[in-house]
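These are my notebook entries on one protein chain. I record what I looked up and what I found.

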Amino acid sequence: MSGSLLLTVNLLALLSLGVIFNVAHSLRYDLQSGATKCISEEIKANAMSVGKYSVINPNEGFPLPDTHRVTVRVNSPHGNNYHFGDHVEAGNFAFTAAESGDYTACFWTPEHKVPVMVTIEFDWRTGVAAKDWSNVAKKGQVETMELELKKLYDTVASIHEEMFYLREREEEMQQLNRSTNSKMATLSFLSIVVCLSVAGLQFWHLKTFFERKKLL
């Protein structure tokens, strides 16, 4: 019975995690020397975010070449700096978002006479995915069932917060649409007034011209 319940909890947790969008990004990409690549992540206020990055050594077993070091900067939507690494081969960051919006992590390498290709491995997690559940299990000495239930609870809470966040964004978009429609209506009315004024002036000018020529 406990085995079936545990399986059910696991399935619910996995399904719930699938509902949350953009909670984790794990990728590997190439960056040419002298180029810059930025990755953005939409994070809501008070959400936890953690990330780690490393440069893949092209010559395994040997020290990383100096040409394969990168500069990293993580910024908030308002330009506040949350992390900066200058000429590094690996690093990590963790912060709690102060405001909602798109946070960016930018990587760039200095330009070299002989272009080189740098391979970067980057893992960025937010929300429930940013928690270190192994430490939670070790510190709390909880059973497997309790750990899964805690994961499920935090996942549901995150979905609940995400729904409120999406509702706020929807209201902002609706307000923007109403404002845009109002401005367009005002602009259309002014355009009609201008067109009628120009048409009236043209009619008056033609009438005056024909009267002077005694054609009317």
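**Entry 1: Fold**

How many helices and strands does the secondary structure of the protein chain come to? I counted three helices and eight strands. I note that this is a predicted model. Reading from the N terminus on, I obtained the element order α-β-β-β-β-β-β-β-β-α-α. I then looked up burial and found that 28% of the 216 residues count as buried.

**Entry 2: Aromatic pairs**

I turned to the rings and counted 10 aromatic pairs. One of them joins Tyr 53 and Phe 107, an edge-to-face pair with 5.7 Å centre to centre and 80° between the planes. Tyr 53 belongs to strand β3 (residues 48-55) and Phe 107 to strand β7 (residues 101-108), so this pair ties together parts that are 54 residues apart in sequence. Are these two rings buried or exposed? Tyr 53 has 4% relative accessibility and counts as buried. Phe 107, at 0%, also counts as buried.

I next looked up Tyr 82 and Phe 95, which form a tilted pair, 4.5 Å centre to centre and with 40° between the planes. This pair links distant parts of the chain, with Tyr 82 in strand β5 (residues 81-88) and Phe 95 in strand β6 (residues 90-96), 13 residues apart. Tyr 82 counts as partly exposed at 25% relative accessibility, whereas Phe 95 counts as buried at 6%. The cut-off for buried is under 20% relative accessible area, which is why Tyr 82 and Phe 95 fall into separate classes.

Which residues do the ring pairs link into a cluster? I listed Tyr 29, Tyr 53, Tyr 82, Phe 93, Phe 95, Tyr 103, Phe 107, Phe 122 and Trp 124. For Tyr 29 I added a further contact: the charged end of Lys 37 sits over its ring, 5.4 Å from the centre.

**Entry 3: Salt bridges**

I counted seven salt bridges. In one of them Glu 121 is joined to Arg 28, with 2.9 Å between the closest N and O atoms. Glu 121 is in strand β8 (residues 117-126) and Arg 28 in strand β1 (residues 24-32), so the bridge ties together parts that are 93 residues apart in sequence. I noted Glu 121 as partly exposed at 35% relative accessibility and Arg 28 as exposed, with a relative accessible area of 52%.

Where in the chain do Lys 44 and Glu 162 lie? I found Lys 44 in the loop between β2 and β3 and Glu 162 in helix α3, 118 residues apart. Their side chains meet in a salt bridge of 3.3 Å, N to O. Lys 44 counts as buried, at 14% relative accessibility.

Arg 69 and Glu 89 form a salt bridge as well, at 3.3 Å, N to O. Arg 69 is in the loop between β3 and β4 (70-75) and Glu 89 in the loop between β5 and β6, so the pair ties together parts that are 20 residues apart in sequence. Glu 89 is partly exposed, with a relative accessible area of 38%.

I also recorded a network of salt bridges that links Glu 42, Arg 169 and Glu 172.

**Entry 4: Helix α3 and the annotated segment**

At which residues does UniProt place the feature "transmembrane region"? The unreviewed entry gives residues 184-204. I checked the model over residues 184-204 and found 100% helix and 0% strand, with the end C-alpha atoms 30 Å apart.

I then looked up the surface and found a nonpolar patch of about 290 Å², made by Phe 189, Leu 190 and Val 193. Leu 190 lies in helix α3 (residues 144-212). Leu 190 is partly exposed, with a relative accessible area of 47%.

Thr 155 is also in helix α3. At 1% relative accessibility, Thr 155 counts as buried. Its C-alpha atom is 9.0 Å from that of Ala 129, and the two residues are 26 apart in sequence.

**Entry 5: Cys 38**

Last, I looked up Cys 38, whose place is in strand β2 (residues 36-43). Cys 38 counts as partly exposed, at 47% relative accessibility. Between the C-alpha atoms of Cys 38 and Val 74 I noted 9.3 Å, for residues that are 36 apart along the chain.

Conventions:
Residues are numbered from 1 along each chain as its sequence is written. This is a predicted model: local features need pLDDT of at least 70, side-chain atom pairs count only at pLDDT 80 or more; totals for chains, interfaces and linings use all residues. Side-chain values use heavy atoms; hydrogens and water are left out. Rings of Phe, Tyr and Trp (its six-membered ring) pair if their centres lie within 6.5 Å; planes under 30 degrees apart count as stacked, over 60 as edge-to-face and the rest as tilted. Helices (H or I, at least four residues) and strands (E, at least two) are DSSP runs, numbered from the N terminus. Buried means under 20% relative accessible area, exposed over 50%, partly exposed in between (1.4 Å probe, protein chains only). A charge sits over a ring if NZ of Lys or CZ of Arg is within 6 Å of the ring centre and within 35 degrees of the ring normal. Patches are made of residues with over 30% relative accessible area and no salt bridge: like charges are joined within 9 Å, nonpolar side chains (Val, Leu, Ile, Met, Phe, Trp, Tyr) within 5 Å. Accessible areas come from the Shrake-Rupley method with a 1.4 Å probe; for residues, only the protein chains shown count as cover. A salt bridge is a side-chain nitrogen of Lys or Arg within 4 Å of a carboxyl oxygen of Asp or Glu. UniProt positions are given in the numbering used here, feature names are shortened, and annotations may be inferred rather than shown by experiment.
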